[in-house]
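Student: Could you give me a close look at the backbone between the helices? I'd like one connected walk through it, please.

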Amino acid sequence: MNDVLDVALRLIIVFAVFMVVPLVVGQTEHKVMAHMQGRLGPMYAGGFHGWAQLVADGVKFAQKEDIVPAEADRRIFQLAPAVALLPYLLVLVAIPIGPSEGAVGQVVDAGIFFVLAVMGVGVLGSLMAGWASANKFSLLGGLRTAAQLLAYELPMLLAAASVAMAAGTVSLPGIVNAFEWWWLPWQIVGGLVFFVAGLAELQRPPFDMPIADSEIIFGAYTEYTGLRFALFLLAEYAGIVVLCGLTTVLFLGGWHGPLGADGLGWVWTLLKIAVLAFVVIWLRVSYPRLREDQLQRLAWTTLIPLALAQIALTGIVKVAIS
Amino acid sequence: MTLAAAAAHPGFLSPTGIEIAFVLVGVATIGAALITVTTKQLVHAALWLVVALGGLAVEYLLLTAEFIAWVQVLIYVGSVVVLLLFGLMLTKAPIGRSPDADSENRWAALGVAVAAAAALVWVVVDAFRTTWIDLDGPAHGSTETTGAFLFRQWVLPFEALSVLLLAALVGAIVLSRKRSKEQS
């Protein structure tokens, strides 16, 4: 009975994190973008600096009519937001934030593979939405999503493989346990490649071609309204949390920090995730959107060679120190 | 490898929870695979293929082959099916039925499928009739065991396969370049 209770409790906590943290990132995005552009952002909802704006947005989305276009493929159209969102919830279960047993939803033996495999499934949601909407803009968005996958999948896997080689394990807590401070300069190239490829996976600026609002309205999500649209937005913010969490765990040493490694390790993890999430938002307001072919060029002529060089470097250092 | 040795072990389908789950997932996987090859809606076929491949990954998990299961999801669900959908989006696949989605090879395909399935089932049953996975001990399909097995005992076939894939890659590049030169 105790086991059941333990599992249930962990799942509830992960679910709560999944519902709250992406909203915090969303609200931060409102405010950070506003201040970087010399304006205030939403200020009225809830009183203090408009803290309840996202709650109000949620209420608004829930009240909107849920419309399915007449020509659309109904069932796939309705299923797509769930397929886009659920993988990130599953991935969150496996990300450790502290050194103890209780600081991870579930230890997965092949953690890196689990995380990258399940994250990859989320793309299907965008593709289903793009095809089932029976809308040319949606179809273009879906095509761009699939084309983007060709660019980011390989560098992301190669960069993650480099860390797994360095740590000698594919379990996420195992990788953070093996972390030493000098891994930071050693794996920095891999870390950058992973983060950039991750941005492309999340379709965040400067890689937001699949949803480019000034070109193809809102890509695969053009026909969506109400809660289903909100689920796609939630998937994007949950994706930011997952990507920053993974980058922290794989490349920035998770709960390792200059002090307080024993009891307060999880504070370091959360701090690093927060800083990375800030960088994701920062990039959105500072870079113009790339074209799809420019992303392919970036991926195949820069990211993949860098990732391969990183793997070679990892192998050489690993052999030299053993 | 005798029947007597097989009889000393628990039956093929002793109704423990895992085996019941295995059979149920297997039935769902076969059902999804059947719909994949019989439906007239092309994109639905690709999505049912996702269900079939995902079901296979669950079967690997139930057989304690965790590493294989995640690789299955990563390669087939995350990449191969996405490429398939990408290809379908470039065609004029309509929403709804494609009336001409019939290669008229139905019976030949069925024959090949039944023959292949029979051969595989026969080989696997004959080879592993008396092999039993001990679910209580350390996992046999963990990444560590699979890795050690792959790179100690099977490293030569592994390398041969990677050369084969490299050759395919180079071949694909050569083919695509030649065609674009003829066009220009």
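Tutor: Happy to! A helix here is a DSSP run of H or I at least four residues long, and helices are numbered from the N terminus. Please keep in mind that this is a predicted model.

Let's start in the loop of chain A between helix H8 (188–202) and helix H9 (213–216), where Pro206(A) is found. Pro206(A) is joined to Pro205(A) by a cis peptide bond, with omega at about 5 degrees.

On the other side of H9, the loop between H9 and H10 of chain A holds Ile217(A). Ile217(A) is not a glycine, yet its phi is positive, about 65 degrees. Ile217(A) has 17 C-beta neighbours inside 10 Å, so it counts as partly exposed.

That loop leads to helix H10 (residues 226–251), which packs with helix H2 (residues 53–63) of chain A at an angle of about 140 degrees, the axes being 6 Å apart. H2(A) and H10(A) are therefore oblique to each other. Among the residues that meet are Phe61(A) of H2(A) and Phe229(A) of H10(A). By class, the residues of this contact are five nonpolar, two polar and no charged.

A positive phi also turns up at Ala134(A), near 55 degrees, again in a residue other than glycine. Ala134(A) sits in the loop between H4 and H5 of chain A. Ala134(A) is partly exposed because 17 other C-beta atoms lie within 10 Å, and the buried class starts at 20.

The helices flanking that loop bring us to the contact between the chains, which takes 24 residues from chain A and 19 residues from chain B. H4 (111–132) and H5 (136–167) of chain A each supply at least two residues of chain A's side, and H4(A) gives the most, with 11 residues.

Notes: Residues numbered from 1 in each chain as written. Chains lettered and ligands numbered in written order. Predicted model: local features only at pLDDT ≥ 70, side-chain atom pairs only at ≥ 80, totals over all residues. Axes fitted to C-alpha atoms, helices over the stretch in contact; angles between N-to-C directions. Parallel < 35°, antiparallel > 145°, perpendicular 65-115°, else oblique. Contact = placed C-beta atoms within 7 Å. Nonpolar A, V, L, I, M, F, W, Y, C, P; charged D, E, K, R; others polar. Buried ≥ 20, exposed ≤ 12 C-beta atoms within 10 Å, placed from the backbone.
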